[in-house]
Amino acid sequence: MPHLLAIGLGYTAQYVVNALQAGDGAWSFTGTARTAEKCAAREAEGINMLRFDPAEGIIPESLPADITHLLISAAPSPSTDTDPHGGDPVIAHLDEHLVPLLDLEWVGYLSTIGVYGNADGAWIDETTPPNPKSERGVRRLRAEAAWQDFGKRTGVATQIFRLPGIYGPGRSPLKKVAEGTARRIVKPGQVFNRAHVEDIAQVIAASIHRPNAGAIYNISDDEPAPPQDVITYAAELLGMEPPPSQDFATADMTEMARSFYSDNKRVGNARIKEELGVALRYPTYREGLRAVAAMSGLGVEADR
């Protein structure tokens, strides 16, 4: 029986677990969390858990011996050019445990499209050379390299998944609009790609069934769109007035929030369709938000 170890069993990883269970169901799962309290809460749901806190360097005393698949969603730590692990806390703390797992068949690392840097609104794909400008992007690229090296050293099929903004039930612009915290920041020409969490999960599940050593996949929707358009549409679905637009140049924003607008690109996703046979359930934010609204009981038909 295949056994998935999810390092960082959070929002996205849980949907991957759900997708695999909905497939053939013949899976075992182990997850990690940073605290004993979170582990206990998930174990109460019937999930086998291990504590792993990258900041403290806590290493589980033992990992299940039958792990066949490994999914990593833990963010990289600050790293240096001489750091052999690229700042990746999982390899740094667990490599000695992972290498002996001779039954390991597949590794998936959740990265970000931020590694591409800015393209001034042009289309990019997996053949585009990464060019991150932010420290976050640089860390991610180093972590990607560390996992690719792991795959080469061990012979385990290792895939990199580059993700854009993630949304889905309980985590979407609808929630922010409903709570009155949404903002319509307008920067002329700015677009972002997004991905519904169910589409991310189905791509990862497809990769597990069609492992391709060293492959890199962009998981994104078909329509990069201005962020203010997404907020406007969310408000429309809720029957609310959208928040007033704010000029990016003068908007009061944190440095972190403002930094996301420094990268402007349109992310191509042909590879997940051609190599993995994926048909996106939510090809644009409109289908995705309608589905979230319907699931949330907001009176919006999913097929509108």
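User: In which helix is the place of E144?

Analyst: In this predicted model, E144 belongs to helix α4, which covers residues 135-154.

User: Is E144 buried or exposed, and how should the value be read?

Analyst: A residue counts as buried when its relative accessible area is under 20%. E144 has a relative accessible area of 1%, so E144 is buried.

User: Which residues does E144 touch, leaving aside those up to four places away in sequence?

Analyst: The contacts of E144 are with Y109, S111, V115, I160 and R162.

User: What describes two packed helices?

Analyst: The description rests on the angle between the two axes and on the distance between those axes. A case here is the pair formed by α7 (residues 227-238) and α10 (residues 285-295): their axes come within 10 Å and cross at roughly 35°. The crossing of α7 past α10 is right-handed.

User: Which residues meet where α7 contacts α10, and of what kind are they?

Analyst: From α7, the participants are D229, V230, Y233, A234 and L237, and they meet Y285, R286, L289 and R290 of α10. By class, six of the residues in this contact are nonpolar, three are charged and none is polar.

User: How many helices and strands does the protein have, and what do the totals for the chain say?

Analyst: The secondary structure consists of ten helices and 13 strands. Of the 304 residues, 50% count as buried. Among contacts with a separation of 6 or more, 79% come from residues 24 or more positions apart. The accessible surface is about 13900 Å², and carbon and sulfur atoms account for 51% of that area.

Note on methods
Residues numbered from 1 in each chain as written. Predicted model: local features only at pLDDT ≥ 70, side-chain atom pairs only at ≥ 80, totals over all residues. Heavy atoms only, no water. Axes fitted to C-alpha atoms, helices over the stretch in contact; angles between N-to-C directions. Helix = DSSP H or I, 4+ residues; strand = E, 2+ residues; numbered from the N terminus. Left-handed = near helix turned anticlockwise from the far one by under 90°. Contact = heavy atoms within 4.5 Å. Nonpolar A, V, L, I, M, F, W, Y, C, P; charged D, E, K, R; others polar. Buried < 20%, exposed > 50% of the residue type's maximum accessible area, 1.4 Å probe, protein only. Areas by Shrake-Rupley, 256 points an atom, 1.4 Å probe, with all protein chains shown as cover.
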